[in-house]
Amino acid sequence: MLRMIDSLESFVTDDIPFLQLERLQRVQLLRDLMDRSDVAVAEKYRRVLEAYQIELDYSRTLEATREELPVDGVPRTVDVLRVGRTGLYYQTLDRRAAAYWDNRQKTWIAADAAQRRAIRRGLRIASQQLAPELLELPVAAASDGDE
């Protein structure tokens, strides 16, 4: 179970940076649980599997949240769109700036006007303001060494 928790922590830190604090806290709670002698081994194992299930569920959901992120070095409130584990996008509240996350470079890449419109549509779909439709969102290409 400890190796499973280590793997989960590694996965969270290497994944696109969404809900980082919540996800890392979940890993820490699992570590704390492992040290408790008053909790049955079966319950510990169930909780580890539950954490894995939560991570799996993130892979197949579309979510829009409002967060504070550094935009051009300045903290700003932005709307964030997460498309499974494939894409992470933000758009400023004034809709003038948008970007997508490049996990290979660990940085945000500025979106052009067409990409900003697609991100806005994605945010509206995730917020259930628009019916689902095919989105043409930018995705950072994987390199030959990526799996």
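The paragraphs below describe a predicted model, moving from its overall layout to its helices, single residues and internal spaces.

The protein contains 4 helices and 5 strands. Read from the N terminus, these elements follow the order α-α-α-β-β-β-β-β-α. The C-alpha trace spans about 55 × 35 × 30 Å along its principal axes. Of the 147 residues in the protein, 32% are buried. Where contacts join residues at least 6 apart in sequence, 43% of them link residues at least 24 apart.

The N-terminal part of the chain begins with helix H1, which covers residues 2-14. Its 13 residues reach 18 Å from the first C-alpha to the last, close to the 18 Å expected at 1.5 Å a residue. Within H1, the residues Ile5, Leu8 and Val12 are buried. These residues cover an arc of only 60° around the axis, and they therefore lie on the same side of H1. An α-helix has 3.6 residues a turn, so residues three or four places apart point the same way. The partners of the buried residues of H1 are helix H2 (20-34) and helix H3 (41-58), against which they pack.

Arginine 23 offers a closer view of this helical region, as its place is in helix H2. Its relative accessibility is 0%, and arginine 23 therefore counts as buried, the cut-off being under 20%. A polar atom of the arginine 23 side chain lies 3.1 Å from the backbone oxygen of phenylalanine 18. When neighbours within four places in sequence are set aside, arginine 23 is in contact with Phe11, Val12, Asp15, Ile16, Phe18, Glu55, Tyr58 and Arg85. Among these contacts is Val12, which is also one of the buried residues of H1.

At the other end of the order of elements stands helix H4, comprising residues 113-126. At 1.5 Å a residue its 14 residues should span 20 Å, and the end C-alpha atoms are indeed 20 Å apart. The buried residues of H4 are Ala118, Ile119, Gly122, Leu123, Ile125 and Ala126. Because they cover an arc of only 160° around the axis, they fall on the same side of H4. This buried set packs against four strands: E1 (62-71), E2 (74-83), E3 (87-92) and E4 (98-102). The N-terminal end of H4 is capped by aspartate 112, a side-chain oxygen of which lies 3.2 Å from the backbone nitrogen of alanine 114. After H4 comes glutamine 128, with a positive phi near 60°.

Positive phi values also occur in loops between strands. Arginine 95 is placed in the loop between E3 and E4, and its phi is near 65°, a positive value in a residue other than glycine. With a relative accessibility of 47%, arginine 95 counts as partly exposed. Lysine 106 lies in the loop between E4 and strand E5 (107-110). The phi of lysine 106 is near 55°, again positive in a residue other than glycine. The relative accessible area of lysine 106 is 44%, which makes this residue partly exposed.

The remaining features are spaces enclosed or bordered by the protein. The count of cavities of 30 Å³ or more comes to 1. The largest cavity holds about 40 Å³ of space. Its lining consists of Phe18, Leu19, Glu63, Thr65, Glu67, Val80, Arg82 and Leu88. E1 and E2 each supply at least two residues of that lining, and E1 gives the most, with 3 residues. Phe18 thus appears in the lining of this cavity, while its backbone oxygen takes part in the polar contact with arginine 23.

The second largest pocket has a volume of about 160 Å³. Its lining comprises 13 residues, and those nearest its centre are Asp72, Tyr90, Ala98, Ala99 and Ala110. E1, E4 and E5 are the elements that give two or more residues to this lining. The largest share, 3 residues, comes from E5. E1 therefore contributes to the linings of both spaces, giving the most to that of the largest cavity and two or more residues to that of the second largest pocket.

Key
Residues numbered from 1 in each chain as written. Predicted model: local features only at pLDDT ≥ 70, side-chain atom pairs only at ≥ 80, totals over all residues. Heavy atoms only, no water. Expected span 1.5 Å × (residues − 1). Buried < 20%, exposed > 50% of the residue type's maximum accessible area, 1.4 Å probe, protein only. Arc of directions from axis to C-beta. Contact = heavy atoms within 4.5 Å. Polar contact = N/O pair within 3.5 Å; in protein donor to acceptor, adjacent residues only side chain to side chain. 1 Å grid on protein atoms, 1.4 Å probe; cavity = no way out; pocket = protein on both sides within 12 Å on 5 of 7 lines; lining within 4 Å. Points joined across faces, edges and corners; volume = space filled by probe spheres on them.
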